[in-house]
Amino acid sequence: MLRYLYATDLHRFPRLARGMFRDRADQFRTRLGWEVTVDQHGQERDRYDRLNPLYVIWEGPRGRHGGSMRFLPTTGPVMINEVFGRLTGGVPLSSPTIWECTRFCLAREAGPRVAAALMLGGGEVMTGFGLHHFAGVFDQRMERIYRAIGAAPEVLGSEGAGRAKISLGLWRFTPQARFRVAMRAGLSPALSRLWFTRAFGAEQAA
């Protein structure tokens with residue numbers, strides 16, 4: 001199932017939280033070779049995790065982490081402005097209707113349906129919070145995943161080539177995209193909305 005948790009709520013789900021940060025270390029440092037900070041417990045965190053972001057997390061059997069991503073409003077500190085500003089031409093991307101999505105992470109055993117479920121959850125956040133877009137930086141590997149699950153973004157800027165290529169994208173969530181991604185995830189849109197409603201209440205979901 002999908003869980004929507006702010007950083008201040010992670011203590012309620014300790015196994016899920018530990019799994020998320022450990023899988024982030026495994027994906028970003030071990031598999032991709034990124035220069036990220038991993039603590040003595042094998043968990044990857046950065047300074048944006050201290051800003052009380054909203055996490056969308058796929059919870060598997062017995063509370064295991066299957067995949068996750070992190071959201072912050074672009075009106076505050078975000079990576080696309082502070083780390084990847086060159087992809088916007090040096091013009092900060094800041095709007096109350098655009099949030100940044102980062103740390104899209106999949107556990108090793110997770111399949112394409114988990115990736116699609118996460119994107120479906122991101123769409124629920126977009127609808128529930130009245131957002132127009134998500135923005136995020138992604139590499140060539142993720143570009144293939146986004147296309148496969150029917151959630152390819154509008155590319156605003158890129159640099160590099162081949163496996164070293166990174167791009168800044170904007171995502172929208174149309175009814176057609178919602179149906180397409182839900183099909184890829186093997187989930188009904190009604191169940192997806194129910195999980196969001198349980199997290200935030202019927203008023204927010206409306």
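This short talk walks through helix 3, the salt bridges, a charged patch and some backbone details of one structure.

Keep in mind throughout that this is a predicted model.

Let's start with helix 3. It covers residues 112–128, which makes 17 residues. How far apart should its ends be? At 1.5 Å a residue, helix 3 should span 24 Å. The C-alpha atoms at its two ends are 24 Å apart, so expectation and model agree.

Is helix 3 enclosed or not? Of its 17 residues, 14 are buried, so the rest of the structure largely encloses helix 3.

Now look at what flanks helix 3. Gly111 sits in the loop between strand 4 and helix 3. Gly111 is partly exposed, because its relative accessible area is 27%, and buried would need under 20%. On the other side, just after helix 3, comes Gly130. Gly130 takes a positive phi of about 65°.

One distance from Gly111, for orientation. Gly111 and Glu159 are 48 residues apart in sequence. In space, their C-alpha atoms are 28 Å apart.

On to the salt bridges. How many are there in the whole structure? A search finds 16. I'll take three pairs, then a network.

Pair one is Arg3 with Glu59. Their side chains meet in a salt bridge, at 2.3 Å from N to O. This pair links distant parts of the chain: Arg3 is in strand 1, residues 2–6, and Glu59 is in strand 2, residues 54–59. They are 56 residues apart. Buried or exposed? Glu59 is buried, with a relative accessible area of 14%. Arg3 is partly exposed, at 23%.

Pair two is Arg108 with Asp26. Here the side chains meet in a salt bridge at 2.7 Å, N to O. Again the pair links distant parts of the chain, with the two positions 82 residues apart. Arg108 is in the loop between strand 4, residues 98–106, and helix 3. Asp26 is in helix 1, residues 14–31. Their exposure falls on opposite sides of the cut-offs. Arg108 has 53% relative accessibility, so it counts as exposed, the threshold being over 50%. Asp26 has 16%, so it counts as buried, the threshold being under 20%.

Pair three is Arg45 with Asp39. Their side chains meet in a salt bridge at 3.6 Å, N to O. Arg45 is partly exposed, with a relative accessible area of 35%. Asp39 also counts as partly exposed, at 27% relative accessibility.

Then the network. Which residues does it link? Salt bridges connect Arg24, Glu44, Asp46, Asp49, Arg70 and Arg103.

Stay on Arg103 for a moment. Arg103 lies in strand 4. At 11% relative accessibility, Arg103 counts as buried. Its backbone deserves a look too. Most residues other than glycine have a negative phi. Arg103 is not a glycine, yet its phi is positive, about 55°.

There is another such case, and it takes us to the surface. Arg62 has a phi near 60°, a positive value in a residue other than glycine. Arg62 lies in the loop between strand 2 and strand 3, the latter being residues 65–73. At 65% relative accessibility, Arg62 counts as exposed.

Arg62 also belongs to a patch of positive charge on the surface. Which residues gather there? Arg15, Arg18, Arg22 and Arg62. One of them, Arg15, has its place in helix 1. Arg15 counts as partly exposed, at 42% relative accessibility.

Last stop: the loop between helix 2, residues 79–82, and strand 4. Phe84 is in this loop. Pro96 is in this loop too. What is their exposure? Phe84 counts as buried, at 18% relative accessibility. Pro96 is exposed, with a relative accessible area of 63%.

Each has a contact to point out across the sequence. Phe84 and Leu168 are 84 residues apart along the chain, and their C-alpha atoms are separated by 8.4 Å. Pro96 and Leu131 are 35 residues apart in sequence, and 7.6 Å apart in space, C-alpha to C-alpha.

To recap. Helix 3 is largely enclosed, because 14 of its 17 residues are buried. The whole structure holds 16 salt bridges. Arg103 and Arg62 carry positive phi values without being glycine.

Technical notes
Residues are numbered from 1 along each chain as its sequence is written. This is a predicted model: local features need pLDDT of at least 70, side-chain atom pairs count only at pLDDT 80 or more; totals for chains, interfaces and linings use all residues. Side-chain values use heavy atoms; hydrogens and water are left out. Helices (H or I, at least four residues) and strands (E, at least two) are DSSP runs, numbered from the N terminus. The expected span of a helix is 1.5 Å times one less than its number of residues. Buried means under 20% relative accessible area, exposed over 50%, partly exposed in between (1.4 Å probe, protein chains only). A salt bridge is a side-chain nitrogen of Lys or Arg within 4 Å of a carboxyl oxygen of Asp or Glu. Patches are made of residues with over 30% relative accessible area and no salt bridge: like charges are joined within 9 Å, nonpolar side chains (Val, Leu, Ile, Met, Phe, Trp, Tyr) within 5 Å. Accessible areas come from the Shrake-Rupley method with a 1.4 Å probe; for residues, only the protein chains shown count as cover. Lys and Arg count as positive and Asp and Glu as negative; His and the chain ends are not counted. The place of a charge is taken as NZ of Lys, CZ of Arg, CG of Asp or CD of Glu.
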